[in-house]
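These are my notebook entries on a structure that I had not examined before. I set down what I looked up, in the order in which I took it.

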Amino acid sequence: LFGPLLSPFLISGALASTPDPMLEALQVEVQRAMDELAQTEAAPYFIAAEISQQNALYINAEDGALHGYAPTTRRHVDVDVRIGDRELDSSHALRSTSERPRNLGRRLPLTDDVSLLRHDIWREIDARLLGARKRWAKVQSDRTVLVAESPGLDLAPLPSQSIEQLDLPELSVDATAWEGPLRRVSAILAQDEIVRDGAISLSAASHHSWFVSSEGTAVRHGRIEYSIVTNVDTIADDGTVLQLSRRWATRSPDKLPSEEELATGVSELHALLAALREAPEQEPYSGPMVLSDRAAGVFFHEIFGHRMEGQRLKRVDNAQTFTDMVGEAILPPFLSVVDDPTLAQLDDIDLRGHYVYDNEGVPAQPAVLVDAGVLQGFLQSRSTVRPEDVSNGHGRRAKGMAPVTRQGNLIVTASSSVSNDRLKQELRNAARASGLPYGLWIDDIQGGFTFTNRGMPNAFNVNVLVAHRIWVDGRPDELVRGIDLIGTPLVAFSRIQTAGERDEVFNGNCGAESGWVPVSAVAPALLVAQLETQRKAKGQNTPPLLPAPDADPAAVVP
Amino acid sequence: MILLLWLTTVQAEEPAHPLLPVLSDWVERSVQEYRLEERSPSRASAAFVDRDAHWVEASMGAITSEQGWRTRPGRVEIVVGEDLDSSRYRDSRTDPVARPNFVVENVDLAISRDLWLTTDYSFKAAVEQFQIKTAALDQLGTPYPPDWSASPAEQFFDPTPRPAIDRPWLHDIAVQGSEVLRQLGGLRNGRVYANMVTDQYVYSSSDGTQLTRTDSRAVVYAWADVLREDGVQVYEYVQWVAETVEELPEAEVILRDIRRMGERIQDRSTASVVSFYEGPVLFEGDAAVDLFRFLAIPELLGTPPRPRGQKTYDQQMRNQPRKGRRLLGAGWEIVDDPTDAPRGLAGGFSRDREGVQAEAVQLVEDGYVRDLLMSRVPRHDLTASNGHCRGDIQGVWEARESIWRVTPERGLGERAFARTVERTAREAGSDRILVIRNLERGRKGDLPSPTDAFWRLTDGTEIPVLALDFQRVDRRTLRDIVAAADGEHVRPYLAPYTSTATAKGDRGLPAVGIGPERILVGEMELVFPGGNRQPHVLEPPPL
């Protein structure tokens, strides 16, 4: 419970001797609000507040020239005020009305002046208190009028409160030194008529967080990321817009690719785009398929991972696919799945889904989801699926949103696997056995969506970027375009037959109820006995009427 | 319709911007080379702004945001059709105006590639919109006027360099100004925004117009509030607008006025509620000019609304500004002259957004509307531009005010004016007069609520008045003006980017209103709107 330990001047142990002004301001205002409101009607039983600060630099280049840029710093406070008790409180999902996630919070001044910080934190606590009171009345009304819900806590207790003040990583990037390489590499994309639009950008951002709760948690931590992203698109004669992108993400500027590596990557992307533009459109297909490289990771993130997010599983409007299947086999016995945000790297590749504390001040922990095919548990925030559950540090959010259970680093491993050459042969064999002339090999997936709510088909639709036909008769593999992968999750998982090699890590962003968060997904190539594709939504615009301007490499600013 | 081209050349020795030839080349190519079946462009234009900006926001003595960099927002429009063309159609999902954000470096290829894509988009959208618009408007009984008017082709290259931005000054005034509000104590918000924007505008059109123009503005905007326990938010703002930081008032003057604003808010926050007032109102200073800004200027903007498929031109024009309307009492005049900006103030120009030479326009004469401000979009009764097209580069372009002056038939001297005020109050049965010195920002045709109002007793005592809203005020209120004082008040301000929007505090189109220092309106009605905010539950921490 909230106690004298929370006084900023009494905190000891892992907290530094000099009080951090952000932590101090948060602690004083959270304590003050709890004290002042203790004797009032509908007093909160829990208050948490988090300050997040982003220092960022974004440089974008197109066609051999730069857009304007400058570093930015933004600081923001989010507050969570709860009325009720752990079993049922004002944050509980409403059943009588639908709600859209709202972007809340308040911008904070960029100062260490504690009294100024306190002023704005007070404003936010006050505003959230009023909101919590209104919401608490609706939650109580739901409980009175509607049927009973399955149990689960709205705020599971923590075994201990974290008190830690970690060093905050600072940005270190020589923006000027990157101008030339970005200009020159972007100019590659302006060299012919295939590319309609192409850009390359460097982004560097540090994210600092200070979290305090009325239970006694007080943590300071941060993460940093440097990434280079290139996007390129073209439009085929039939109106299909083809878009490809590549991201190099790292936590150290020293590990960013060299100009030569970037140029190679961009040229490869360009060549693939040109090939895709000429590739035939794949007709609807049902049969064996291999998901390889990033495709397998993204597939698991979208289709499996989102169904493991505990908070989603307790909503009454959710189909709760796996809620009652703990201890049952849901995947082939050679597959295991863990979500481990504590993992900073894999095979020397920095993982974007790594963090130390989640947005509820809970230490990140590996969550074993599936062991040898058997469901072990779920990703948990402090709003748990069952009364006995506790958070495993997966309550995440973008600033302004309320934290919900989210994935971090989703890692699928196979206890037995074959080489990818062998996997390709097995794909041919499976296609032949199905009487098909070819099987499909999915190399890359852009993203997708899946419905998890009741009242609509619990299907998925995954946007395929790159796929090949693997011909049974041994013809060369053939690039195809224009397909989405569709199906339903339980059937899809039951048809996984063989695992292949693990090639690439997917480092990306995931958008859901609590906004965009960085994630990683890793999986071996997987042969699935039967999956279905449908034609991708297609644009109706024609390619540009006039030829592209002549490229003149000499026009590039040195 | 065949556009007549005049060429009035103010020939510069070389293009004022290295990318002007690229713009002009694509405008020419667009007209000559784009073709879909039998459709080809009738006209085309492309523009961009080379913009340097620095924005600072501070709250209670600390920066909340500070950023500034170079951008190059652009606008490309290809038009299909003749008298009735593809532009400005309201009932369409497709907007043929493309709004690229160009790279900021002068690389011909990069700009060309953006123009290649944006002209392609704009032309195709124009063909689609033209067919939809033609089909819809052809079914209406009465024709709309042409969508575009002829204007002499101009080549005008403004040699004025863009002024430098004094970033440290902007930073300091925001921090110090908001610190002043913090030091006053008791305020809930105390914010200061300071920014400066410098633009070089580059425009090229297929009728031969080529233009470069330099604009700049520096703004300081401060606002503060108190939330009373009855839920009434008491607030006020003050704003300074000039061409550059150097032309703004001295920092000491700004800080003093910010402090005075904070003190007024404090005073008003404890004022007693006046639930209803009916009687004479004295507008002073900024509020005196704002009375015309909000009630008269909207009646002088001539750009017609965009055509709609379901409405005839006459239906569309029913509530629009019109010539011949009596707006003010006998003898009053209003003139707008963009070429006559007071020294150091922003909002003036010699060529408008469409490259048309700006003209001084006698808008109101002897109280009657004689003319309207026009862009190149004509009406049946006004068929030519008078060089007043304004708007954000990527927003709505329409005829807008710039540097305007209101002149009464006769301004009263100080003593005569005071006697008139006293007599008017006495005739209304009151021993006091309601004085308004500052108004909230407002929408077209609506007089916003006073943010600085007080009673002035006959002995000169001033008593702050809590929030009041005007009731049923429109342009006809201007005919109830009883007297205007001698002397001019100059009011620089930021108008909203579009005529139907509400002004923002620290961004918009700079303009200057000049009018009498004090205006007495014979009778107005104001009511207490009541508090609409939830009071705070927690006490504020010490600040």
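Before the first entry I fix one term: a residue is buried when its relative accessible area is under 20%, exposed when it is over 50%, and partly exposed in between.

**Entry 1: confidence.** I note at the outset that this is a predicted model. For the complex, the predictor reports an ipTM of 0.90 and a pTM of 0.92. I then looked up chain B, whose mean pLDDT is 93, with 97% of its residues at 70 or more. Residues 1-12 of chain B have a pLDDT below 50, and I found 21 contacts for this stretch beyond near neighbours in sequence.

**Entry 2: the interface.** How many residues does each chain bring to the contact? I read 48 residues from chain B and 55 residues from chain A. The size of an interface is often given as the accessible area lost when the parts come together. Here chain B and chain A bury about 4300 Å² between them, and 59% of that area is on carbon and sulfur atoms. On the side of chain B, the residues that lose the most area to chain A are Arg113(B), Trp116(B) and Leu538(B), which together account for 17% of what that side buries.

**Entry 3: polar contacts and composition.** I recorded 23 residue pairs in polar contact across the interface of chain B and chain A, with both residues at pLDDT 80 or more. Which elements of chain B supply at least two residues each to the side that touches chain A? They are helix H1 (20-33), strand E2 (41-59), strand E3 (62-67), helix H2 (108-137) and strand E8 (189-205). H2(B) gives the largest share of that side, nine residues. By class, I entered 24 nonpolar, eleven polar and 13 charged residues for the side of chain B that touches chain A.

**Entry 4: salt bridges between the chains.** Side chains of opposite charge can pair when their charged atoms come close. I found four salt bridges between chain B and chain A. One salt bridge pairs Asp113(A) with Arg182(B), at 3.0 Å from N to O. I also looked up Arg183(A) and Glu105(B), which form a salt bridge with their closest N and O atoms 2.5 Å apart. Arg183(A) lies in helix H3 (residues 175-188) of chain A and Glu105(B) in the loop between strand E6 (97-98) and H2 of chain B, so this pair joins two chains. Are these two residues buried or exposed? Arg183(A) has a relative accessible area of 7% and therefore counts as buried. Glu105(B), at 16%, is buried as well.

**Entry 5: salt bridges within a chain.** Over all chains, the search of the whole structure gives 81 salt bridges. In chain A, I looked at Asp238(A) and Arg481(A), whose side chains meet in a salt bridge of 3.4 Å, N to O. This pair links distant parts of the chain, 243 residues apart. Asp238(A) sits in the loop between strand E7 (218-235) and strand E8 (241-250), and Arg481(A) in the loop between strand E20 (478-480) and strand E21 (483-487). Asp238(A) is partly exposed at 30% relative accessible area, whereas Arg481(A) is buried at 8%. I also noted a network of salt bridges that links Glu29(A), Arg32(A), Glu36(A) and Arg118(A). In chain B, I recorded Arg456(B) and Glu462(B), which meet in a salt bridge of 3.3 Å, N to O. Glu462(B) is partly exposed, with a relative accessible area of 39%.

Definitions and conventions. Residues numbered from 1 in each chain as written. Chains lettered and ligands numbered in written order. Heavy atoms only, no water. Contact = heavy atoms within 4.5 Å. Buried area = accessible area lost by both parts, 1.4 Å probe. Polar contact = N/O pair within 3.5 Å; in protein donor to acceptor, adjacent residues only side chain to side chain. Helix = DSSP H or I, 4+ residues; strand = E, 2+ residues; numbered from the N terminus. Nonpolar A, V, L, I, M, F, W, Y, C, P; charged D, E, K, R; others polar. Buried < 20%, exposed > 50% of the residue type's maximum accessible area, 1.4 Å probe, protein only. pLDDT = per-residue confidence, 0-100.
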